[in-house]
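I opened my notebook to record what I could look up about how parts of this chain lie against one another. I kept each entry brief and wrote down what I checked in the order I checked it.

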Amino acid sequence: MKITHAQESKIKNIDFDNLNFGEIFTDHMFVCDYKEGQWKTPEIMPYQPIQMDPSSSVFHYGQAVFEGMKAYKDDADGVWLFRPEENFARINKSSERLSIPEFPEEFFFEGLEKLLDMDKEWIKKGAGNSLYVRPFVFASQAGVQASASNAYKFMIICSPVSSYYSGREVHVQVAEKFSRAAAGGVGYAKAAGNYAAQFYPTTLALNEGFQQIIWTDANTHEYLEEAGTMNIFFRINDTLITTPTSDRILDGITRKSILQLAAHLGIKTDVRPISIHELLSSKEDGSLKEIFGAGTAVVVSPIKGFGYQNKRHILEDAPDSFAAILKDHIVNIQRNVVPDPFGWRHEVKTTVSV
Ligand code: COI
């Protein structure tokens with residue numbers, strides 16, 4: 001791997017107490033090009049703009065996928081990633097669906113660990129602080145032929161973050177017209193276009209006072225599938241319910257960790273489809289206690305209320321909230337403040353800066 005250090009760090013200009021999600025990036029980035037049928041020697045270089053031909057395939061056909069992961073620093077300056085092998089497996093699964101060549105495991109982990117070591121000063125200690133790590137890969141071949149590209153760029157960039165929704169109450173609108181994913185489509189992949197297609201319906205929902213949309217199945221709009229960019233969980237009485245993964249649902253790493261952790265804590269879980277009718281009747285009879293989203297950026301995001309057919313429903317604050325218990329536990333595992341019986345934490349090898 002070729003490594004070029006930034007001449008000067010930008011870190012002294014950053015106000016770490018006032019970070020907006022994903023706006024500031026660290027000093028370095030990882031880049032690896034695919035040409036002539038193979039991934040070339042990877043490189044870490046100073047964070048900088050990249051030059052692209054205007055006809056590059058990604059601008060026209062959106063052949064691109066990404067991942068999101070977080071690095072944490074513990075009180076003894078140890079740097080930790082959460083289940084990075086899952087992110088690695090998923091980016092290649094997403095790539096396969098978008099006809100992007102598989103990225104080699106050793107390039108990914110060598111690049112990721114070295115990049116985190118070089119930019120470790122950007123990972124702040126303390127609850128709520130982390131470094132959001134964004135691996136992504138896109139078609140870079142020049143030319144507007146509508147077919148899979150023969151050139152790609154795999155990159156990793158990193159952004160210091162505090163909390164995603166900055167403490168605001170989240171209200172969601174249940175989708176009655178728009179869809180996020182269809183059977184046989186790309187819903188399970190972290191394809192860039194899946195997110196682009198959400199922006200318009202989400203803007204309409206924002207204008208009506210909601211922060212996110214609960215996506216429903218494309219055929220009937222009856223079944224509740226995801227919450228914005230997150231997987232969705234419901235607590236009915238004391239059972240935690242989430243929809244099964246399929247070709248429409250992202251196989252969320254936070255989602256599967258929550259299911260495993262809940263079972264470990266003795267919380268009953270049920271992975272099954274859940275309909276809007278069940279949601280409304282459980283709200284009506286008082287058995288609906290909580291709704292929350294789960295994803296890498298926010299970990300767990302409690303949902304205070306939902307709107308459906310021009311009616312708003314507000315949830316009471318649940319005592320002994322599952323969302324709060326599960327979030328605390330996962331974040332404490334991520335930050336190396338409690339034991340990790342699942343083997344989820346991955347220590348990043350760091351060198352002492354001189
Ligand atoms: C996640 O939280 O997992 C996401 O993908 C959010 C990202 C799109 C900002």
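**Two helices crossing**

I began with the orientation of two helices, and I noted that α2 and α3 are oblique to each other. I kept in mind throughout that this is a predicted model. The reasoning rests on the crossing angle: I found that the axes of helix α2 (residues 84-97) and helix α3 (residues 105-118) cross at roughly 135° and come within 11 Å. Roughly antiparallel would require an angle over 145 degrees, and roughly perpendicular is 65 to 115, so the pair counts as oblique. I also looked up the hand of the crossing, and α2 passes α3 in a right-handed one.

Next I asked myself which residues make the contact between α2 and α3. On the α2 side I wrote down Pro84, Glu85 and Phe88, while α3 contributes Glu105, Phe108, Phe109 and Leu112. When I sorted this contact by class, I got five nonpolar residues, two charged ones and no polar ones.

**A serine in helix α2**

I then turned to serine 94, which is found in helix α2, and asked whether serine 94 is buried or exposed. Its relative accessibility is 1%, and because buried means under 20%, I entered serine 94 as buried. Leaving aside residues up to four places away in sequence, I listed Val65, Ala189 and Lys190 as the residues that serine 94 touches.

**Strand β2 and its partners**

My last entries concern strand β2 (residues 28-35), which I found to be mostly covered, with six of its eight residues buried. I looked for the strands that pair with β2, and I took them one at a time.

- With strand β4 (residues 43-46), β2 runs antiparallel, and four bridges join the two.
- With strand β9 (residues 152-161), β2 also pairs in the antiparallel sense, over five bridges.
- With strand β3 (residues 38-39), β2 again runs antiparallel, joined by two bridges.

I followed phenylalanine 30 across these pairings, and I noted isoleucine 44 as its bridge partner in β4 and isoleucine 156 as its bridge partner in β9.

For the pairing with β3, I recorded that lysine 35 stands opposite glutamine 38. I then asked how many residues lie between β2 and β3 in their hairpin. There are two, and I noted that glutamate 36, in the turn, has a positive phi of about 45°.

Terms used
Residues numbered from 1 in each chain as written. Predicted model: local features only at pLDDT ≥ 70, side-chain atom pairs only at ≥ 80, totals over all residues. Heavy atoms only, no water. Axes fitted to C-alpha atoms, helices over the stretch in contact; angles between N-to-C directions. Parallel < 35°, antiparallel > 145°, perpendicular 65-115°, else oblique. Left-handed = near helix turned anticlockwise from the far one by under 90°. Contact = heavy atoms within 4.5 Å. Nonpolar A, V, L, I, M, F, W, Y, C, P; charged D, E, K, R; others polar. Buried < 20%, exposed > 50% of the residue type's maximum accessible area, 1.4 Å probe, protein only. Pairing = 2+ DSSP bridges.
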